[in-house]
Amino acid sequence: MKTEVKKLRDYDIDLEDEVTLITYNCHHHEILYVKNKNSKPRIKLLPNHMYQDLTTGEIKPCKKQISNRSEGKISLRKTFKSIREAINVNCEDVRKCKMVTLTYDEVMRDTKKFDSDINKFVKKFNYRYGKSENIKVCEAQSSGSLHAHIIFIWEDIAPYIDYKDLIKVWGKGYVKVTPLYGNVDDLGAYFTACLSDLPIEECNMTYEEVREKNLLIKEVYVDVKTGEQLKCPKYFIKGGRLQFYPPNFRIFRPSRGLKKPLKEKMENKEALEKVDSNEPTYESYLQVLDENGNELNVIVRKCYNSMRFPREDDKEPELVFNILDDLSSS
């Protein structure tokens, strides 16, 4: 059965309706409302790349293999949501965390060798600096070369890490050690944005090409690597980096001991009382329709962030495109 997802401007949830309150840390909460909960499977996988639609009984072929991760949008959304959750849940006390960035001297596109190198490095790192959990996030550059960002998380204050020692441990290229900064209001969101968005200076496109492809340009006012406010915003193409990730490449590799977000079912009234914020910082209202336009479900997400600070007003899009033209012509 074909379905269509439609965005709604608003949807009223009754105070007595059941919702799920998701707590990531003391500052980040989410209220999730699903009108019709579906506990039954819809499809059954069959041999020879076929599947059966259990609602109609039809047997259909599975979708073809994607050529890069940007084509698997649903999978990517789940991956980046998992990364965002893992960081916001486990990196609340940034004094216990350090991020290590590993790159290669030469272009690295061999995913199997890359996986092996990263796993060996983590084992050596834990031997030198004590047991820790980690969030491994793998990124592709515009050249297609792979590199890794690894957030190590200790139970106590993070130890001093000798930069020169890490270079010897890695032995394959550049190493950078940075602390995480507490003045970023949503660390997980900033980090995942860097994995998907491409700086406009790397895109090599003109104004006409950007308009023709309907690419979205966004402004960033906080440096994700330092957590500091920027005097001038940086401009990125949203999702521009996704085309460089190989198909079936695991971007997110968490260690087993990471904490999970706390999920509690309760009435909407009780959830609103527990949320330490008057207004949500993000809202999403989705309506699921069948092929005849009949409503199948309504899904509402409301995110609350007590650390969210006000930012400058958005600039006019024309200004963004003018800057893009200047960079592409230089």
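Helix H3 lies across strands S7 and S10, running at about 135 degrees to S10. Angles like this one run from 0 to 180 degrees between N-to-C directions, with axes taken as lines fitted to C-alpha atoms, for helices over the stretch in contact. The helices (H or I, at least four residues) and strands (E, at least two) are DSSP runs, numbered from the N terminus. It helps to know that this is a predicted model, where local features need pLDDT of at least 70 and side-chain atom pairs count only at pLDDT 80 or more, while totals for chains, interfaces and linings use all residues. Residues are numbered from 1 along each chain as its sequence is written, and side-chain values use heavy atoms, leaving out hydrogens and water.

The chain holds seven helices and 17 strands. Of its 330 residues, 41% are buried, where buried means under 20% relative accessible area, exposed over 50%, and partly exposed in between (1.4 Å probe, protein chains only). About 20,400 Å² of the chain is exposed, and carbon and sulfur atoms supply 49% of that area; the areas come from the Shrake-Rupley method with a 1.4 Å probe, and for residues only the protein chains shown count as cover. As for contacts (heavy atoms within 4.5 Å), take those between residues at least 6 apart in sequence: 71% of them join residues at least 24 apart.

Back to the sheet that H3 leans across. Five strands make up this open sheet, in the order S10-S7-S9-S8-S14, and the pairing is antiparallel. Strands count as paired if DSSP finds at least two bridges between them. At the edges are S10 (175-179) and S14 (252-254), each pairing on one side only. From one strand to the next, the twist averages 15 degrees. S8 and S14 run antiparallel and are joined by three bridges, with Val 137 standing opposite Phe 252 in S14. Helix H2 packs on this sheet too, touching S7, S8, S9 and S14, and its direction makes about 25 degrees with that of S9.

Next comes the largest nonpolar core, with 44 residues. A nonpolar core here is a set of buried Ala, Val, Leu, Ile, Met, Phe, Trp, Tyr and Cys residues joined through side-chain atoms within 4.5 Å. The residues with the most contacts inside this core are Cys 91, Phe 114, Phe 121, Phe 125, Ile 135 and Ile 151. Helices H1 (73-90), H2 (111-129), H3 (163-170) and H4 (187-196), along with strands S7 (97-102), S8 (133-140) and S9 (146-153), each supply at least two of its residues. A second, separate core of 12 residues includes Leu 21, Met 266, Val 275 and Val 300. In soluble globular proteins, nonpolar side chains tend to be buried together. Ile 151 has plenty to touch: leaving out residues up to four places away in sequence, its contacts include Ile 87, Cys 91, Met 99, Ile 135, Leu 180 and Phe 191.

Aromatic rings deserve their own look. Rings of Phe, Tyr and Trp (its six-membered ring) pair if their centres lie within 6.5 Å; planes under 30 degrees apart count as stacked, over 60 as edge-to-face, and the rest as tilted. By this rule there are nine aromatic pairs. Tyr 11 and Tyr 33 are stacked, at 6.1 Å centre to centre with 25 degrees between the planes. Tyr 11 sits in the loop between S1 and S2 (18-23) and Tyr 33 in S3 (residues 28-34), so the pair ties together parts that are 22 residues apart in sequence. Tyr 11 is partly exposed at 21% relative accessibility, while Tyr 33 is buried at 7%. Phe 121 and Phe 125 form a tilted pair, with 6.0 Å centre to centre and 40 degrees between the planes. Both lie in H2, four residues apart, about one turn of the helix, and both are buried. Ring pairs also link Tyr 104, Phe 114, Phe 121, Phe 125, Tyr 129, Phe 152, Trp 154 and Trp 170 into a cluster.

There is also an open sheet of six strands, in the order S1-S16-S17-S3-S2-S15, with antiparallel pairing. S1 (3-7) and S15 (262-267) stand at the edges with a single partner strand each, so one side of each is left without a neighbour in the sheet. Neighbouring strands here are turned by 20 degrees against each other on average, direction ignored. Five bridges pair S1 with S16 (residues 282-290) in the antiparallel sense, and Val 5 stands opposite Val 288 in S16.
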